[in-house]
Amino acid sequence: MAVQQAAGADPYFPEHGDPRYRVHRYELALDYRPGPNRLSGTARINAIAGRAPLTEFVLNLADYKIGRVRVEGRQPHYTHRGGRLRLRPAKPVRAGAPFTVEVHWSGNPEPVNSPWGGLGWEELEDGALVASQPIGAPSWYPCNDRPADKASYQLSITTPSAYAVVAGGRLLTRTTKASTTTWVYEQSAPTSSYLVGLVIGKYQTVLLGDPGPGGVPQHGHIPAHLLGDFSRDFARQPQMMEVFQELFGPYPFDEYAVVVTEEELDVPVEAQGLSLFGANHVDGARGSERLVAHELAHQWFGNSVSIADWRHIWLNEGFAKYAEWLWSERSGGRTAEQLASAAHRLLSSLPQDLRLSDPGRKSMFDDRLYERGGLVLHAVRCALGDIAFFRMLRGWGHLHRGGTVTTAAFTAHVARFATEPVDELLQAWIHGTTLPPLPGAEGRAAG
């Protein structure tokens with residue numbers, strides 16, 4: 001298996017992730033008791049050393065009690081401070097060689113601190129959820145916490161039997177013994193650490209639509225009293241899936257699940273093969289349908305096609321924002337052109353000091369990044385014409401499925417589909433700060 005080494009630490013979160021190795025697979029066995037909020041876990045991590053021998057390496061893990069630790073079956077020297085588990089193997093790992101790590105940990109999980117508040121594991125009134133973007137994954141398991149280090153996952157979660165466990169991926173088994181049930185999920189597609197989703201609670205499960213032969217199974221997990229409103233709010237999601245597969249290419253995972261919690265959430269949260277909504281996103285009137293589209297689109301853009309580091313987050317959020325506009329256009333709402341015009345008017349009234357290609361850590365979730373990112377896609381669509389534009393979009397998802405991308409990779413990809421130079425257009429929209437003029441619709445049907 002080839003090892004793709006990133007240039008170095010993530011410029012926004014240098015304490016997260018270690019570019020000296022990459023993980024191939026995580027096997028996590030967790031036991032969680034909601035009452036005392038008690039988590040104990042074992043991780044078996046299969047990894048591959050980079051271009052230099054590994055005399056030491058780092059996993060990110062929050063402040064838990066550490067039990068057994070092994071590297072290649074032998075006890076390493078280790079320290080655990082500031083969310084970093086630094087391991088020095090008994091014998092250095094050869095360059096390019098596979099190796100295994102085993103970590104046992106236990107404690108009371110809580111979110112990790114960030115500029116946006118607590119991230120990761122969140123105890124609910126009756127259960128728990130994980131919302132890790134961008135650096136919350138170490139709140140509940142040891143990981144190489146960088147978006148470019150994508151791995152397969154197996155999650156085994158044991159909880160009291162009154163609780164359901166929902167994770168991204170395929171449910172392999174559910175086994176009840178005495179008063180507890182163990183749920184085992186497999187996520188075989190390459191997954192970034194922050195995109196490993198998990199929800200524990202009391203939910204009813206419904207099938208959304210009939211996937212038919214070769215279709216994508218879509219399930220909802222909802223508190224019983226929200227079932228009526230949910231069935232109306234998410235009724236068009238199967239149609240949305242069909243439209244996005246037409247526009248973006250085949251859905252990149254085995255299935256798709258949505259969970260609605262009892263609690264309110266500021267914004268929905270995407271995970272691999274899973275999206276998480278708050279009770280406030282269910283009103284029985286499709287009031288949050290654009291967010292349903294946004295989170296579904298992330299399965300292609302952000303999850304399957306992932307960013308090499310957090311400077312490129314517009315490639316996640318701008319694409320998902322434009323997917324909102326495309327869904328509106330295809331479902332009888334306002335056209336993408338009308339929504340782009342509204343976004344442009346909004347941005348023209350706001351400070352123009354944000355650079356999409358490197359927004360800085362403080363601005364990586366700024367609303368302006370989402371709107372301007374959507375406008376980039378619209379500007380490219382106007383420049384290429386619809387035929388070439390959607391061919392470009394499908395090609396982007398196909399070429400980079402399961403991989404990682406950068407802004408430079410996107411601009412090079414767009415240029416391959418253009419009949420006229422697009423360098424100045426992309427330079428102004430992506431690397432400049434001043435808002436360019438709203439692109440016109442001329443040539444849209446060309447290409």
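# Helix packing and strand pairing in a predicted model

The crossing of helix 4 and helix 7 is left-handed, and this briefing uses that pair as its starting point before turning to a second helix pair and to the strands. The structure is a predicted model, so every value below has been computed from predicted atoms. For a reader new to the subject, two packed helices are described by the angle between their axes and the distance between the axes.

**Helix 4 with helix 7**

- Helix 4 covers residues 314-330 and helix 7 covers residues 386-399, and their axes come within 14 Å while crossing at roughly 135°.
- Because angles over 145 degrees count as roughly antiparallel and 65 to 115 as roughly perpendicular, the crossing of roughly 135° makes helix 4 oblique to helix 7.
- On the helix 4 side the contact is formed by Leu315, Phe319, Tyr322 and Leu326, which meet Phe389, Phe390, Leu393 and Trp396 of helix 7.
- Sorted by class, this contact of helix 4 with helix 7 holds 8 nonpolar residues, with no polar and no charged ones.

**Helix 5 with helix 6**

- Helix 5 (residues 336-348) packs against helix 6 (residues 367-384) at an angle of about 135°, and the two axes lie 10 Å apart.
- That angle makes helix 5 oblique to helix 6, and the crossing of these two helices is left-handed.
- From helix 5, the residues Ala336, Glu337, Ala340, Ala343, His344, Leu346 and Leu347 meet Arg368, Glu371, Arg372, Leu375, His378 and Arg381 of helix 6.
- In the contact of helix 5 with helix 6, the residues divide into 6 nonpolar, 2 polar and 5 charged.

**The region listed in UniProt**

- An unreviewed UniProt entry lists residues 238-429 under "domain: Peptidase M1 membrane alanine aminopeptidase".
- Over residues 238-429 the chain is 51% helix and 8% strand, and the C-alpha atoms at the two ends are 33 Å apart.

**Strands 1, 2 and 7**

- As general background, strands of a sheet pair through backbone hydrogen bonds, either parallel or antiparallel.
- Strand 1 (residues 21-33) and strand 2 (residues 38-49) run antiparallel and are joined by 12 bridges, and within this pairing Arg25 has Asn46 of strand 2 as its bridge partner.
- The hairpin of strand 1 and strand 2 has 4 residues between the strands, and in this hairpin Asn37 takes a positive phi near 50°.
- Strand 2 also pairs with strand 7 (residues 98-107) in the antiparallel sense over 10 bridges, where the bridge partner of Arg44 is Glu102 in strand 7.

**An open sheet of 4 strands**

- The strands of this open sheet follow the order 8-9-14-11, and their pairing is antiparallel.
- Strand 8 (120-124) and strand 11 (164-167) are the edge strands, since each of them pairs on one side only.
- Neighbouring strands of this sheet are turned against each other by 20° on average, with direction ignored.
- Strand 9 (residues 127-131) and strand 14 (residues 198-201) run antiparallel and are joined by 2 bridges, and Ala128 has Ile200 in strand 14 as its bridge partner.

**An open sheet of 5 strands**

- In this open sheet the order of the strands is 15-16-17-19-18, and the pairing is mixed.
- The edge strands are strand 15 (204-207) and strand 18 (269-271), each of which pairs on one side only, while the twist from one strand to the next averages 20°.
- Strand 16 (residues 218-222) and strand 17 (residues 256-260) run parallel and are joined by 4 bridges, with His219 standing opposite Ala257 in strand 17.

Conventions. Residues are numbered from 1 along each chain as its sequence is written. This is a predicted model: local features need pLDDT of at least 70, side-chain atom pairs count only at pLDDT 80 or more; totals for chains, interfaces and linings use all residues. Side-chain values use heavy atoms; hydrogens and water are left out. Axes are lines fitted to C-alpha atoms, for helices over the stretch in contact, and angles run from 0 to 180 degrees between N-to-C directions. Angles under 35 degrees count as roughly parallel, over 145 as roughly antiparallel, 65 to 115 as roughly perpendicular and the rest as oblique. A crossing is left-handed if the near helix is turned anticlockwise from the far one by less than a right angle, and right-handed if clockwise. Contact means heavy atoms within 4.5 Å. Ala, Val, Leu, Ile, Met, Phe, Trp, Tyr, Cys and Pro count as nonpolar, Asp, Glu, Lys and Arg as charged, and the others, Gly among them, as polar. Two strands pair if DSSP finds at least two bridges between them. UniProt positions are given in the numbering used here, feature names are shortened, and annotations may be inferred rather than shown by experiment.
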